[in-house]
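Here's a walk through one model, from its sheet and helices out to its charged pairs and surface. Have the viewer open and follow along.

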Amino acid sequence: MTPSGKLAELGITLPEVGAPVGSYVPAIKTGDLVFTSGQIPMVAGKLMCTGKVGDTVTLEQAQEAVKACALNALAAAGAVIGGIDNIDQVVRVCVYVASAVGFTDQPKVANAASDLFAGIFGDAGKHVRSAVGAVSLPLDVPVELELVVRVKG
């Protein structure tokens, strides 16, 4: 099944690619790789939530927010290569988590995105990953995600 077919089966629609809020592009292709800029949990032009995970944002809320980031990243990558069906492999995921003091479950937050990619792409969704705690993130979002994918040759 194609990735777009799997999304349809899961009842997921990719969002429109958001306009950059600074001096950058949402994604860029170089060689057979696409790199995305950091994607935040925007849904229909609005932030899902703000705050620190482990304080005003629960682990579960952060996991839902990072899924939104993952879908935004897929949309951005797909936009520069003619759609997500042209993705051959999810290569790398980096998840930043705005963390309250003492919060150490950044990998549990990132797992929500990793599991989503595996659910969409199967074995091609398995990737290397970093889950990084941060004092704060832009616009006070609790999570941000960067994605690197390989394009079908």
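## Ground rules

Helices (H or I, at least four residues) and strands (E, at least two) are DSSP runs here, numbered from the N terminus. Keep in mind that this is a predicted model: local features need pLDDT of at least 70, side-chain atom pairs count only at pLDDT 80 or more, and totals for chains, interfaces and linings use all residues. Residues are numbered from 1 along each chain as its sequence is written, and side-chain values use heavy atoms, with hydrogens and water left out.

## The sheet

Let's start with the strands. Five of them make an open sheet in the order β1-β2-β7-β5-β6, and the pairing is mixed. Two strands pair if DSSP finds at least two bridges between them. β1 and β6 (128–134) sit at the edges with a single partner strand each, so one side of each has no neighbour in the sheet. From one strand to the next, the twist averages 15 degrees. For angles, axes are lines fitted to C-alpha atoms (for helices, over the stretch in contact), and values run from 0 to 180 degrees between N-to-C directions.

Now for the pairings. β1 and β2 (residues 33–36) run antiparallel, with four bridges between them, and Lys29 faces Val34 in β2. β5 also pairs in the antiparallel sense with β7, over nine bridges, whereas β5 and β6 pair in the parallel sense over seven. Val93 is a handy residue to click on: its bridge partner in β7 is Leu147, and in β6 it stands opposite Arg129.

## Helices on the sheet

Which strands does helix α2 touch? Helix α2 (residues 59–81) packs on the sheet against β1, β2, β5 (87–98) and β7 (143–151), and its direction makes about 35 degrees with that of β7. Helix α3 (residues 106–121) packs on the sheet too, touching β5, β6 and β7, with about 150 degrees between its direction and that of β6. Contact means heavy atoms within 4.5 Å.

## Three buried residues

Accessibility comes in three classes: buried is under 20% relative accessible area, exposed is over 50%, and partly exposed is in between (1.4 Å probe, protein chains only). Ala65, in helix α2, counts as buried because its relative accessibility is 0%. Not counting residues up to four places away in sequence, Ala65 touches Pro41, Met48, Cys49 and Val143. Thr36 lies in strand β2 and is buried at 9%. Leaving aside neighbours within four places in sequence, the contacts of Thr36 include Ala73, Ala76 and Ala77, as well as Leu145 and Leu147.

Ile120 belongs to helix α3. Is Ile120 buried or exposed? At 5% relative accessibility, Ile120 counts as buried. Outside its neighbours within four places in sequence, Ile120 is in contact with Pro3, Lys6, Leu7, Leu10 and Leu74. Ile120 and Leu139 are 19 residues apart in sequence, and their C-alpha atoms are 29 Å apart in space.

## Charged pairs

Side chains of opposite charge can pair when their charged atoms come close. A salt bridge here is a side-chain nitrogen of Lys or Arg within 4 Å of a carboxyl oxygen of Asp or Glu, and the structure holds five of them. One of these joins Glu9 and Lys6 at 2.7 Å, N to O. Both residues lie in helix α1, three residues apart, or about one turn of the helix. Lys6 is partly exposed at 22% relative accessibility.

Asp105 and Lys108 meet in a salt bridge at 3.9 Å, N to O. Asp105 is partly exposed at 27%, and Lys108 is partly exposed at 42%. Lys126 and Asp123 form a salt bridge at 3.2 Å, N to O, and both of these residues are exposed.

## A nonpolar patch

Which residues form a nonpolar patch on the surface? Val25, Ile28 and Phe35 do, with about 260 Å² of accessible area together. Patches are made of residues with over 30% relative accessible area and no salt bridge, with like charges joined within 9 Å and nonpolar side chains (Val, Leu, Ile, Met, Phe, Trp, Tyr) within 5 Å. Accessible areas come from the Shrake-Rupley method with a 1.4 Å probe, and for residues only the protein chains shown count as cover. Val25 sits in the loop between α1 (3–10) and β1 (27–30), and is partly exposed at 47% relative accessible area.
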